[in-house]
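Reader: Before we discuss this model, I would like each label to be set against the criterion behind it. Could we take the terms one by one?

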Amino acid sequence: MDINLRFFSRLNPWLNSLLTSKATLKTEADEAQQGQMSLKTIANQYPLQARRGPITQVMLYQSLYASDDFVGREKQLKQITDVINQWRNHHGEISAIVSPAGAGGSSFLGQLPPLLQTIIAEDTKKAPMPDVKPLPSKWLLMSFYQAPLGANDAIAHVCYCFGITPPNTITETIAAINQQPPQLIMIDDMHKLMLRVMGNNQALVTFATIVMETRKHHCWIISCEIFAWQRLSAQYQIHHFIKHVFQLDYFSETELATIQTKHLLDLGLISNDVMTKETATAADKNTKKSTAQQAEQTNNNQADIVNPYKDQLKQLYTISQGHPKLASLLLQYSLAHQVDIGSDNSSNSRSNNGIDICRINSSVLQQCQDNDLFSLAEIYVHGGLRVNQHAHIFVITIEQSSLQLEYLARQGLIIAQYSQQDFAEHFYFITPTLSKIVASHLVNHNKLFN
């Protein structure tokens, strides 16, 4: 019998953690007293129903991410507006929104339907132009959660967008789609379509061909995680047929402060006057002022309202590096554990208003071996993996894959979504709040490449 000693040596910490008494485990209060928040605590904040809900076997319509609290992205919104107008002028090309996980790519897509309404409103004020296509009467925002593993799968995926029965050939599929009323189609999480499993290569080629041959009739906009985009570019030259590529990044210090100030307002910790001042300050930075206006602003600064949490907002940016969900979680966790944090801090180390922000304890990542990091890299790039997919990629047994993924889950690095029918269908993914922390560690250890 061939025994993999290295693999079984990895079972020891997993079994030990399984058998450890609850009394010996550190509590959140213990953690907070050290002014820290572990990765496992961050992962456990992910909605329970999302972790334990049934696994999606088919594609689902995505709920809209549009929000009145949307911040920034003015440049990219203008670029997308230009793309839509080019399509209306019979110069349709495929567009891609590329961003790191958790940077707000889905929220950006959610702004496109209201953007359409704005364009329509502007059109009503202008004289009609006969050569310009009318804006699509229909739009669709969706995400594919099951990667296609063949040409027929890819055809079925695209036909699902239009609610039509999949034809027998790709030629018939393209003809059928071009007969449908023009639509604006937004595909979120494009990286979930790529999978290093036999057949997926042809599926991606088929999918890309259909989109390419229908781009003049329908307006296609896709969103993709940046490291997956780099892999798609290197392996499939996806950048050769997608003409418009717009990049989003995590938020700037000013943008993140605006978002978190709104959270403080919702919590009743600051007044509307502070929110008004924050908004006005952000607007001033985007407006060129004359010397006289600048002098007047300087005189008015004496009466400016100062945000009492200015220092905390800077700390949130430094720790989260502009990741909005991570910053929000840190703020909420820190506020909820001030008593615990304060019990271990001297009065000299306290902030002026008595509110301290927790740091992140990522030591569990330092304990990961190379096979753990490679697994995390594949899970990150794909947006999640099932046990059988992980086993296929790493050429190991289903049982080995299941134990390794469950070990990573118990460390708080990934979240499990369990199948009730088959353990090989358990789905593991990295929560949005952990995405930047994990990705940065993988880049620094040469498991992801810029």
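Reader: What makes helix 22 (residues 435–444) largely enclosed by the rest of the structure?

Author: In this predicted model, seven of the 10 residues of helix 22 are buried, so the helix counts as largely enclosed by the rest of the structure. The buried residues are Ser435, Lys436, Ile437, Val438, Ala439, His441 and Leu442. Helix 22 is followed by Asn446, whose phi is positive, near 60°.

Reader: Which residues does Leu376 touch, not counting residues up to four places away in sequence?

Author: With that exclusion, Leu376 touches Leu365, Leu408, Leu413, Ile414, Ile430, Val438 and Leu442, and of these Val438 and Leu442 are among the buried residues of helix 22. Leu376 and Ile414 touch the most other members of the largest nonpolar core, which has 87 residues. A second core, separate from that one, has 20 residues, including Ile80, Ile119, Met186 and Cys219.

Reader: Why is Gln260 called buried?

Author: The label requires a relative accessible area under 20%, and Gln260 has 0% relative accessibility, so Gln260 counts as buried. Gln260 is found in helix 12 (residues 253–266), and, leaving aside residues up to four places away in sequence, Gln260 touches Leu313, Leu316, Pro324, Ala327, Ser328 and Leu331.

Reader: How do you know that strand 6 (residues 219–225) is covered on both faces?

Author: On one side Cys219, Ile221, Ser223 and Glu225 are buried, and on the other side Trp220, Ile222 and Cys224 are buried as well. Taken over its length, strand 6 has seven of its seven residues buried.

Reader: Why are strand 3 (residues 95–99) and strand 6 said to pair?

Author: Pairing requires at least two bridges between two strands, and strand 3 and strand 6 are joined over five bridges, in the parallel sense; they therefore satisfy the criterion. As one example, Val98 has Cys224 of strand 6 as its bridge partner. Strand 5 (residues 183–188) also runs parallel to strand 6, with four bridges joining the two, and there Met186 has Ile221 of strand 6 as its bridge partner.

Reader: What makes the unit of strand 5, helix 10 (residues 200–214) and strand 6 right-handed?

Author: The term applies if, with the strands pointing away from the viewer, the path from the first strand over the helix to the second runs clockwise. Strand 5, helix 10 and strand 6 make a β-α-β unit that is assigned as right-handed, so by that criterion the path from strand 5 over helix 10 to strand 6 runs clockwise.

Reader: How do you know that Cys159 and Cys161 do not form a disulfide?

Author: A disulfide requires two cysteine sulfur atoms within 2.5 Å, whereas the sulfur of Cys161 is 8.6 Å from the closest cysteine sulfur, in Cys159, which is too far for a bond. A search of the whole structure finds zero disulfides.

Reader: Are Cys159 and Cys161 buried or exposed?

Author: Cys159, with a relative accessible area of 0%, is buried, and Cys161, at 5% relative accessibility, counts as buried too, because the label needs a value under 20%.

Reader: What share of the chain is made up of buried residues?

Author: Buried residues make up 48% of the 450 residues in the chain, whose secondary structure comes to 22 helices and 11 strands. The chain exposes about 22800 Å², of which carbon and sulfur atoms supply 52%.

How values were computed. Residues numbered from 1 in each chain as written. Predicted model: local features only at pLDDT ≥ 70, side-chain atom pairs only at ≥ 80, totals over all residues. Heavy atoms only, no water. Core = buried A, V, L, I, M, F, W, Y, C linked by side-chain atoms within 4.5 Å. Buried < 20%, exposed > 50% of the residue type's maximum accessible area, 1.4 Å probe, protein only. Contact = heavy atoms within 4.5 Å. Areas by Shrake-Rupley, 256 points an atom, 1.4 Å probe, with all protein chains shown as cover.
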